[in-house]
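Good morning, and thank you for making time for this presentation. I would like to take you through one structure, beginning with a single chain and ending with its charged pairs.

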Amino acid sequence: MPQKTLRFKIHQDGRVEETVEGFIGNSCNEATENLENSLGKVTVKNKTSDAFISKNENLQQLNNESNVTF
Amino acid sequence: MSHFSTIKTQLKEAEPLIKALNDLGFKVNQEEKFVKGYRGRFTAVDISMDLPGETKVGFKWNNNSNSYELVADLDLWKFELPVERFISKVTQMYAYQTIISKTKEDGYQIVEQKNINDGSIELVLTKWEN
């Protein structure tokens, strides 16, 4: 049962940086699609490091992005 | 998978916009849906409000941009905040209100909220799921 985490940084000018963690497969896109549509235009979208983890690997182990080496 | 996105906020929905204006302490006046400008010209708006300094402004839906836009007579702008700062503040609070209400609908809980020195707001929300 993974914990799903959404992190937002809402800048003074209204620009929003969003990080979505803990989702398996493409479900993270569905999770925030609605919200992104209400907010405005997505200008940049990147997969983060744990996007490359498959279902059977341990998500916790790689949760801290800065420690990930490939 | 996980992702990282940057979103340019647009004022797309009335409800979080009105909430944002209220939150910032501005009085929304939905009785008079117009803004009176220079030489007494009137412009119809969807959301109208009075700013301190007797500056009357409103937000009008724009079909081209698919969002609400500010209507104000800049010659009559007497509010202490410059108009650009006012728009930024409203947009930031709109983003906050939209995030709070949409994620609540999806079952997320706020675990952290911080006002940062650079004027930004940081929010962390989580949900446990099967």
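Before the first figure, one definition is needed: a residue is called buried when its relative accessible area is under 20%, exposed when that value is over 50%, and partly exposed in between. Please also keep in mind that this is a predicted model.

Let me begin with chain B. By the criterion just given, 45% of its 130 residues are buried. The chain contains nine strands and two helices, and in sequence order these elements run β-α-β-β-β-β-β-β-α-β-β. The C-alpha trace of chain B extends over about 60 × 35 × 25 Å along its principal axes. If we take the contacts in chain B with a separation of 6 or more, 39% of them link residues 24 or more positions apart.

Turning to the surface of chain B, the accessible area is about 7,400 Å², and carbon and sulfur atoms contribute 46% of it. As for charge, chain B carries 19 negative and 17 positive side chains, and the centres of these two sets are 3 Å apart.

I now move to the interface with chain A. The size of an interface is often given as the accessible area lost when the parts come together. Here, the area buried between chain B and chain A is about 4,100 Å², with 54% coming from carbon and sulfur atoms. In terms of residues, 40 from chain B are in contact with 46 from chain A.

How many salt bridges cross the interface of chain B and chain A? The rule finds two. One salt bridge between the chains pairs E122(B) with K9(A), whose closest N and O atoms are 3.3 Å apart. Because E122(B) belongs to strand β9 (residues 121-128) of chain B and K9(A) to strand β1 of chain A, this pair joins two chains. Are these two partners buried or partly exposed? E122(B) has a relative accessible area of 25% and is partly exposed, while K9(A), at 19%, is buried.

Let us now look beyond the interface. Over all chains, the search of the whole structure gives nine salt bridges. One of them lies within chain A: R7(A) is paired with E21(A), with 3.2 Å between the closest N and O atoms. R7(A) sits in strand β1 (residues 3-10) of chain A and E21(A) in strand β2 (residues 16-21) of chain A, so the salt bridge ties together parts that are 14 residues apart in sequence. With a relative accessibility of 36%, R7(A) is partly exposed, whereas E21(A) is buried at 11%.

Chain B offers an internal example as well. D50(B) and K56(B) form a salt bridge, their closest N and O atoms lying 3.7 Å apart. D50(B) is partly exposed, with a relative accessible area of 38%. K56(B), at 18% relative accessibility, counts as buried.

Finally, which residues are joined into one network by salt bridges that share partners? They are K9(A), D118(B) and E122(B). This brings us back to the pair of K9(A) and E122(B), which meet through their side chains at 3.3 Å, N to O.

Thank you for your attention.

Terms used
Residues are numbered from 1 along each chain as its sequence is written. Chains are lettered from A and ligands numbered from 1 in the order in which they are written. This is a predicted model: local features need pLDDT of at least 70, side-chain atom pairs count only at pLDDT 80 or more; totals for chains, interfaces and linings use all residues. Side-chain values use heavy atoms; hydrogens and water are left out. Helices (H or I, at least four residues) and strands (E, at least two) are DSSP runs, numbered from the N terminus. Buried means under 20% relative accessible area, exposed over 50%, partly exposed in between (1.4 Å probe, protein chains only). Contact means heavy atoms within 4.5 Å. Accessible areas come from the Shrake-Rupley method with a 1.4 Å probe; for residues, only the protein chains shown count as cover. Lys and Arg count as positive and Asp and Glu as negative; His and the chain ends are not counted. The place of a charge is taken as NZ of Lys, CZ of Arg, CG of Asp or CD of Glu. Buried area is the accessible area (1.4 Å probe) that two parts lose on being put together, summed over both. A salt bridge is a side-chain nitrogen of Lys or Arg within 4 Å of a carboxyl oxygen of Asp or Glu.
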